[in-house]
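This report looks at a bound ligand, at a pocket and at pairs of charged side chains, taking each topic in turn.

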Amino acid sequence: MRLEGKHAIVTGGGRGIGREIGRRFAAEGCRVLLADIDGERAEAAAAEIGTGGVHACTADVGLPEGVRHLFETARACFGGRLDILINNAGIAHHGAFLDLTLEDWERVLRNNLTSAFLCAQAAARIMAAQGGGRIVNIGSISGQRGSYGRTAYGVTKAGIHQMTRIMAVELGPRGIAVNAIAPGPIDTGITSMGPDQERRYLERIPLGRFGLAPDVAGAALFLASDEAGYLTGSVVNVDGGFDAAGLIFSYTELTTVKSDVRDPSRSD
Ligand code: NDP
């Protein structure tokens, strides 16, 4: 029961990674408020998790009024205490730079970055007044690497990582630790990848499989728990080694090149 007596908000908690974080936190004794733009989805997730301490809220956290409503609901559920914020809400977007419309750019920024800023600011005000708290922002490996079609999405995730560092510096003296998780490709059950794209991804993942929502939830639990008491300003990759393997070679190609370099006397 690593989060016994704690109170957490998880945005985008109606499905996927957010729902799994809610489930994991509840199993560790945490009271959780799952917020999602689709309120029925959040209600269903809370019902499925099935402990009395999980609540649901309909909120578009990309809008100030949605965030106001979320924090009013949190106050009603938790009596004013907030220990943990998981900034997880986000939308995917793929599209070539030259085709990217201003409308799409602004939509992705609002849902992925403005949402995290608004929620973190509201949470940090409560946490500063009560003497501390934990904020975990969900970024992405797309925020570390350049790659095709990720202008809007990648920029928002790079922004999440940088906001994490700056928040850690400014909020550390107030007892608030801020870290980010950068997931690699996570199979949340709704994948739009074709078999060829799946194969290409897998070739670049040293652990040889896609991540699963519990892989990310485990990292979020660690960062929210007392065990991570001296961590702040970190971006933790949960990616099976995808980032470490690099961009230039597929992992299969990389191992071949590595063994050639290590053993120059090879005759084959
Ligand atoms: P899902 O789409 O499965 O879940 C995200 C949930 O957040 C959805 O219910 C979504 O609703 C909701 N949401 C989106 N925008 C808002 C908003 N403005 N206010 C409230 N709720 C909102 O995504 P994942 O679980 O796969 O991803 C969760 C996070 O992890 C995201 O930030 C994503 O960028 C990040 N991530 C995911 C990876 C992956 O491979 N799955 C890899 C790297 C990072 P709706 O669907 O209606 O928009």
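A pocket is here an open set of grid points, laid over the protein atoms alone, with protein on both sides within 12 Å along at least five of seven lines, and its lining residues have an atom within 4 Å of a point. The structure to which this term is applied is a predicted model.

Rolling a probe the size of a water molecule over the atoms shows where empty space is left. The second largest pocket has a volume of about 250 Å³, and its lining is made up of Phe 117, Ala 120, Gln 121, Ala 124, Arg 125, Ala 128, Met 163, Ile 166, Met 167, Glu 170, Leu 171 and Arg 174. Two or more residues of this lining come from each of the elements α4 (102-130) and α5, and α4 gives the most, with six residues. Sorted by character, the lining of the second largest pocket holds eight nonpolar residues, one polar residue and three charged ones.

The ligand has a shell of its own, and of the 26 residues around the ligand, those that come nearest are Asp 36, Arg 41, Asn 88, Tyr 153 and Ile 186. This shell divides into 11 nonpolar, 10 polar and five charged residues. The table lists polar atoms of the protein that lie close to N or O atoms of the ligand.

| Residue | Polar atom of the residue | Ligand atom | Distance |
|---|---|---|---|
| Asp 36 | side chain | oxygen | 2.7 Å |
| Ala 59 | backbone | nitrogen | 3.4 Å |
| Lys 157 | side chain | oxygen | 3.0 Å |

Taken alone, the ligand exposes 890 Å², of which the protein buries 85%. The elements that give two or more residues to the shell around the ligand are α1 (16-27) and α5 (151-171), and α5 is also one of the elements that give two or more residues to the lining of the second largest pocket.

The last topic is charge. Side chains of opposite charge can pair when their charged atoms come close. If a salt bridge is taken as a side-chain nitrogen of Lys or Arg within 4 Å of a carboxyl oxygen of Asp or Glu, the count comes to 16 salt bridges. One of them joins Glu 227 to Arg 2, with the closest N and O atoms 3.6 Å apart. Because Glu 227 lies in the loop between α7 (213-224) and β9 (235-238), while Arg 2 lies in the segment before β1 (7-11), this pair ties together parts that are 225 residues apart in sequence.

Methods: Residues numbered from 1 in each chain as written. Predicted model: local features only at pLDDT ≥ 70, side-chain atom pairs only at ≥ 80, totals over all residues. Heavy atoms only, no water. Near = heavy atom within 4 Å. Polar contact = N/O pair within 3.5 Å; in protein donor to acceptor, adjacent residues only side chain to side chain. Areas by Shrake-Rupley, 256 points an atom, 1.4 Å probe, with all protein chains shown as cover. Helix = DSSP H or I, 4+ residues; strand = E, 2+ residues; numbered from the N terminus. Nonpolar A, V, L, I, M, F, W, Y, C, P; charged D, E, K, R; others polar. 1 Å grid on protein atoms, 1.4 Å probe; cavity = no way out; pocket = protein on both sides within 12 Å on 5 of 7 lines; lining within 4 Å. Points joined across faces, edges and corners; volume = space filled by probe spheres on them.
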